[in-house]
Amino acid sequence: MGKKGKKEKKVKGAEKTAAKMEKKVSKRSKREEEDLEALIAEFQSLDAKKTQVVETTCPPPSPRLSASLSAHPEKDELILFGGEFFNGKKVVNTLKNAALHY
């Protein structure tokens, strides 16, 4: 014959185990949420640095060929983009990759 209350002890043990596992999972998910929030904040700060626009004053552009000069559609500005370096006699294979606003 078996002992009395053995099934009850098994049920209580299973409940304890389930409670422990639930507590462990909740701790892990909280930690992951905190880590996720920290990562999101870090990516937002890095993205803000990358997308920050810096305006600097510079001398007039050097002589160039094949540049694109366009009028800004909303402002009274001209935009000069790109071109190749031209020293007055021949084209040197130096491509410009800058946008200048006037």
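These notes go through the chain, its sheet and its largest pocket.

1. The model is predicted, not determined by experiment. Keep that in mind when reading each point below.

2. Start with the overall make-up. The secondary structure comes to 1 helix and 6 strands. Along the sequence, the pattern is α-β-β-β-β-β-β, with the helix ahead of the strands.

3. Next, consider how much of the chain is covered. Of its 102 residues, 4% count as buried, where buried means under 20% relative accessible area. As for contacts between residues at least 6 apart in sequence, 17% of them join residues at least 24 apart.

4. Three of the strands belong to one sheet. In it, β2, β3 and β6 lie in the order β2-β3-β6, the sheet is open, and the pairing is antiparallel. The edges are taken by β2 (68-71) and β6 (99-101); each has a single partner strand, so one side of each is left without a neighbour in the sheet. On average, neighbouring strands here are turned by 20 degrees against each other, direction ignored. In general, the strands of a sheet pair through backbone hydrogen bonds, in a parallel or an antiparallel way.

5. Look now at the pairing of β2 with β3. These two strands are antiparallel to each other over 4 bridges. One position to find in the structure is Ala71, which stands opposite Leu78 in β3. The link between β2 and β3 is a hairpin, and 6 residues make the connection.

6. The other pairing is that of β3 with β6. Strand β3 covers residues 78-81 and pairs with β6 in the antiparallel sense over 3 bridges. Two positions help to locate this pairing. Ile79 stands opposite His101 in β6, and Phe81 has Ala99 of β6 as its bridge partner. As the numbers rise from Ile79 to Phe81 on one strand, their partners run from His101 back to Ala99.

7. The last item is the largest pocket, with a volume of about 310 Å³. Its lining includes the run Val54, Glu55, Thr56, Thr57, Cys58, Pro59 and Pro60. Glu77 also lines this pocket, as do Ala99, Leu100, His101 and Tyr102. By type, the lining divides into 7 nonpolar, 3 polar and 2 charged residues.

8. The sheet and the pocket share some residues. Which residue of the pocket lining stands opposite Ile79? That residue is His101 in β6, and His101 is listed in the lining of the largest pocket. Ala99, the bridge partner of Phe81, is likewise among the lining residues.

Methods: Residues are numbered from 1 along each chain as its sequence is written. This is a predicted model: local features need pLDDT of at least 70, side-chain atom pairs count only at pLDDT 80 or more; totals for chains, interfaces and linings use all residues. Side-chain values use heavy atoms; hydrogens and water are left out. Two strands pair if DSSP finds at least two bridges between them. Axes are lines fitted to C-alpha atoms, for helices over the stretch in contact, and angles run from 0 to 180 degrees between N-to-C directions. On a 1 Å grid over the protein atoms alone, a cavity is a set of points where a 1.4 Å probe fits but cannot get out, and a pocket is an open set with protein on both sides within 12 Å along at least five of seven lines; lining residues have an atom within 4 Å of a point. Grid points are joined across faces, edges and corners, and a volume is the space filled by probe spheres set on the points. Ala, Val, Leu, Ile, Met, Phe, Trp, Tyr, Cys and Pro count as nonpolar, Asp, Glu, Lys and Arg as charged, and the others, Gly among them, as polar. Buried means under 20% relative accessible area, exposed over 50%, partly exposed in between (1.4 Å probe, protein chains only). Contact means heavy atoms within 4.5 Å.
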